[in-house]
Amino acid sequence: MRIGHMSIFVDDQEKALAFYTGVLGFVKKTDFPAGEHRWLTVVSPEEPGGVELVLEPDEHPAAASFKQALVADGIPFTVFGVKDVRAEFERLRALGVTFTQEPLTMGPMTTAVFDDTCGNLLQIAAQEA
């Protein structure tokens, strides 16, 4: 067994696709109609056969309230691994990404938290050598 897909709830699939590909650098993997929405996934260009991130509509009432509660408490929905948090922070900030936590080293980990423009906080993290 392996992890094949992980979902993130987004308020607008097209806006999410633009952010996750154009800003974060993921690559669109799958895109086809699924009822009134789309089955829309992105992957890391470093692992095109790896875990697919499903850009899932947040229209279910539980999804919207779940997202709002996490954001209100400053909790990131998920974590993306990067080689260098500070370098990625600078790259993303230069692209206009809003950070709610600048790079912070806690023991062997450095993290930063940002807004994905689709209703989520996301964290980037790297283990320090």
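This note goes through a predicted model of one protein chain, from the overall fold to individual residues.

1. Overall fold. The protein chain contains three helices and eight strands. Read from the N terminus, these elements follow the order β-α-β-β-β-α-β-α-β-β-β.

2. Dimensions. The radius of gyration of the protein chain is 15 Å, which agrees with the value near 14 Å for a compact globule of 129 residues. Measured out along the principal axes, the C-alpha trace spans about 45 × 35 × 35 Å.

3. Burial and contacts. Buried residues make up 36% of the 129 in the protein chain. If contacts are limited to residues at least 6 apart in sequence, 51% of them join residues at least 24 apart.

4. Surface and charge. About 7400 Å² of the protein chain is exposed, and 57% of this area is supplied by carbon and sulfur atoms. The side chains include 10 positive and 19 negative ones, and 5 Å separates the centres of the two sets.

5. Helix H1. This helix covers residues 13–23, and its buried residues are Gln13, Ala16, Leu17, Phe19, Tyr20 and Val23. At its start, a side-chain oxygen of Asp12 comes to within 3.0 Å of the backbone nitrogen of Glu14. Just after H1, Gly25 has a positive phi of about 95°.

6. Thr30. Strand E2, residues 27–34, holds Thr30. Is Thr30 buried or exposed? Its relative accessible area is 18%, so Thr30 is buried, the cut-off for that class being under 20%. The side chain of Thr30 forms a polar contact of 3.3 Å with the side chain of Glu52. Leaving out residues up to four places away in sequence, Thr30 touches Trp39, Leu40, Thr41 and Glu52.

7. Asp58. This residue sits in the loop between strand E4 (52–57) and H2. Asp58 has a relative accessible area of 14% and is therefore buried. Which side chain does the side chain of Asp58 join in a polar contact of 2.6 Å? The partner is Lys67. Lys67 also appears among the residues in contact with Asp58 once neighbours within four places in sequence are set aside; the others are Phe9, Val10, Asp11, Ala63 and Ala64. From Asp58 to Thr111 the C-alpha distance is 26 Å, with their positions 53 residues apart in sequence counted as separation.

8. Ser65. Helix H2 contains Ser65. Its relative accessible area is 42%, so Ser65 counts as partly exposed. A polar atom of the Ser65 side chain lies 3.2 Å from the backbone oxygen of Ala62.

9. Asp73. The loop between helix H2 (61–72) and strand E5 (78–81) is where Asp73 is found. With a relative accessible area of 60%, Asp73 is exposed. Asp73 and His5 are 68 residues apart in sequence, and their C-alpha atoms are 26 Å apart in space.

10. Thr117. The loop between E7 and E8 includes Thr117. What is notable about the phi of Thr117? The angle is positive, at about 70°, although Thr117 is not a glycine. Thr117 has 40% relative accessibility and so counts as partly exposed.

11. Asn120, position and cover. Asn120 is in the loop between strand E7 (109–115) and strand E8 (121–127). Its relative accessible area is 2%, so Asn120 is buried. Apart from residues up to four places away in sequence, Asn120 touches residues that include Ile8, Phe9, Val10, Lys67, Val71, Phe77 and Phe114.

12. Asn120, polar contacts. Where does the side chain of Asn120 reach a backbone oxygen? That oxygen belongs to Phe9, at 2.8 Å. The side chain of Asn120 also makes a polar contact of 2.9 Å with the side chain of Asp116.

13. Shared neighbours. Phe9, Val10 and Lys67 are listed among the contacts of Asp58, and these residues are listed among the contacts of Asn120 as well. Asp58 lies in the loop that precedes H2, after strand E4, while Asn120 lies in the loop that joins E7 and E8. Both Asp58 and Asn120 are buried.

Terms used:
Residues are numbered from 1 along each chain as its sequence is written. This is a predicted model: local features need pLDDT of at least 70, side-chain atom pairs count only at pLDDT 80 or more; totals for chains, interfaces and linings use all residues. Side-chain values use heavy atoms; hydrogens and water are left out. Helices (H or I, at least four residues) and strands (E, at least two) are DSSP runs, numbered from the N terminus. The radius of gyration is taken over C-alpha atoms; the globule rule is 2.2 Å times the number of residues to the power 0.38. Buried means under 20% relative accessible area, exposed over 50%, partly exposed in between (1.4 Å probe, protein chains only). Contact means heavy atoms within 4.5 Å. Accessible areas come from the Shrake-Rupley method with a 1.4 Å probe; for residues, only the protein chains shown count as cover. Lys and Arg count as positive and Asp and Glu as negative; His and the chain ends are not counted. The place of a charge is taken as NZ of Lys, CZ of Arg, CG of Asp or CD of Glu. A polar contact is a pair of N or O atoms within 3.5 Å; within protein, one must be able to donate a hydrogen and the other to accept it, and residues adjacent in sequence count only if both atoms are side-chain atoms.
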